[in-house]
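Q: I have a protein model open and I'm not sure how to read it. Could you walk me through it?

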Amino acid sequence: MVLMANNDVRQRVFEREFLPELGALYGFAFHLTYDEAAAEDLVQDTIERAIKAIDQYRQGTNAKAWLFKIMRNHFINGYRKKSRRPNMVDYEDVAAIIPDTDTQSIPSLMDWNDESLLDMVGDELSAAMYRLSEDFRTVIVLSDLQDFKYEEIAEILEVPIGTVRSRLFRARNLLAKDLQDYAAENGFTNNRNQDS
């Protein structure tokens, strides 16, 4: 491992390799937290941790995967820490989840302010992804929205490649099943099962 000698080198690595990934980091953080403020905090914590560990980073390698792994580990450690605390209920958290009117739906509960994510998925897909478990949603985001390879996802999630493939297959099938009625209503057909 090549260690970085001085602050100028660290600064250049940060600006050239880490800063371009901020948008992707925020998108991943939002998929983990589904809360704007929490996602911003998670990105900030991730960058702080990356800066502290920048001497461990090898220049020219996959900065995005390295940062995503730091974020995921930090998120999981924070989740474990919270789960050890006694349960406390905040009224505003509960009020945000329970719709006030019959017209409010899951897509309106989700605030997808990241323009790139809005361009990638519509309301129905957003809602369907929101209904997936965290494990399934994470592999879909990393593979289909962030274009990581299976090997990179396995490294980020610290699971075998077979687990990544299995989760991705199951997640895609769950999404397809969940969106089946919507697709039929909008004229989309599944040509894979039809005879030629």
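A short tutorial on helices, buried faces and packing follows.

A: Sure, but first some ground rules: this is a predicted model, where local features need pLDDT of at least 70 and side-chain atom pairs count only at pLDDT 80 or more, while totals for chains, interfaces and linings use all residues. Residues are numbered from 1 along each chain as its sequence is written, and side-chain values use heavy atoms, with hydrogens and water left out.

Q: How many helices and strands are there in the chain?

A: Helices (H or I, at least four residues) and strands (E, at least two) are DSSP runs, numbered from the N terminus. Here the chain has 12 helices and zero strands, so its pattern along the sequence reads α-α-α-α-α-α-α-α-α-α-α-α.

Q: What share of the residues counts as buried?

A: A residue is buried under 20% relative accessible area, exposed over 50%, and partly exposed in between (1.4 Å probe, protein chains only). Out of 196 residues in the chain, 36% count as buried.

Q: What about contacts between residues far apart in sequence?

A: Contact means heavy atoms within 4.5 Å. Among the contacts in the chain with a separation of 6 or more, 66% come from residues 24 or more positions apart. For a look at such separations, go to helix 1 (residues 7–18), where V13 lies. V13 is buried, with a relative accessible area of 0%, and V13 and G60 are 47 residues apart in sequence but 8.9 Å apart in space, C-alpha to C-alpha. V9 is also in helix 1; at 17% relative accessibility V9 counts as buried. V9 and Q59 are 50 residues apart in sequence and 9.9 Å apart in space, C-alpha to C-alpha.

Q: How do I check the span of a helix?

A: The expected span is 1.5 Å times one less than the number of residues. Helix 3 (36–52) has 17 residues and reaches 24 Å from its first C-alpha to its last, close to the 24 Å expected. Helix 11, with 18 residues, should span 26 Å, and its end C-alpha atoms are 25 Å apart, which agrees.

Q: Which residues of helix 3 are buried, and on which side do they sit?

A: An α-helix has 3.6 residues a turn, so residues three or four places apart point the same way. In helix 3, the buried residues are A39, L42, V43, T46, I47 and A50. They cover an arc of only 135° around the axis, which puts them on the same side of helix 3. The arc, by the way, is that of the directions from the helix axis to the C-beta atoms.

Q: And helix 10 and helix 11?

A: Helix 10 (residues 150–157) has I153, A154, I156 and L157 as its buried residues. Their arc around the axis is only 165°, so they are on the same side of helix 10. In helix 11, V164, R167, L168, A171 and L175 are buried. Those fall within an arc of 100° seen down the axis, so they line one face of helix 11. On the other side of helix 11, F169 and K177 are exposed.

Q: What do the buried residues of helix 11 pack against?

A: They pack against helix 8 (123–131), helix 9 and helix 10. There's also I161, which lies in helix 11 and counts as partly exposed at 27% relative accessibility. Leaving aside neighbours within four places in sequence, I161 is in contact with Y150, E151 and A154. I161 and E151 are 10 residues apart in sequence and 6.2 Å apart in space, C-alpha to C-alpha.

Q: At what angle do helix 9 and helix 11 pack?

A: Two packed helices are described by the angle between their axes and the distance between the axes. Axes are lines fitted to C-alpha atoms, for helices over the stretch in contact, and angles run from 0 to 180 degrees between N-to-C directions. Helix 9 (residues 134–145) and helix 11 (residues 161–178) pack at about 100°, with axes 9 Å apart. That makes helix 9 roughly perpendicular to helix 11 (angles under 35 degrees count as roughly parallel, over 145 as roughly antiparallel, 65 to 115 as roughly perpendicular and the rest as oblique). Helix 9 brings D135, F136, V139, I140, S143 and D144 to the contact, and helix 11 brings R167, L168, R170, A171, R172, L174 and L175.

Q: Which residues have a positive phi without being glycine?

A: Two to look at are Y34, with phi near 50°, and E158, with phi of about 60°. Y34 is in the loop between helix 2 (22–33) and helix 3, and is buried at 18% relative accessible area. E158 is in the loop between helix 10 and helix 11.
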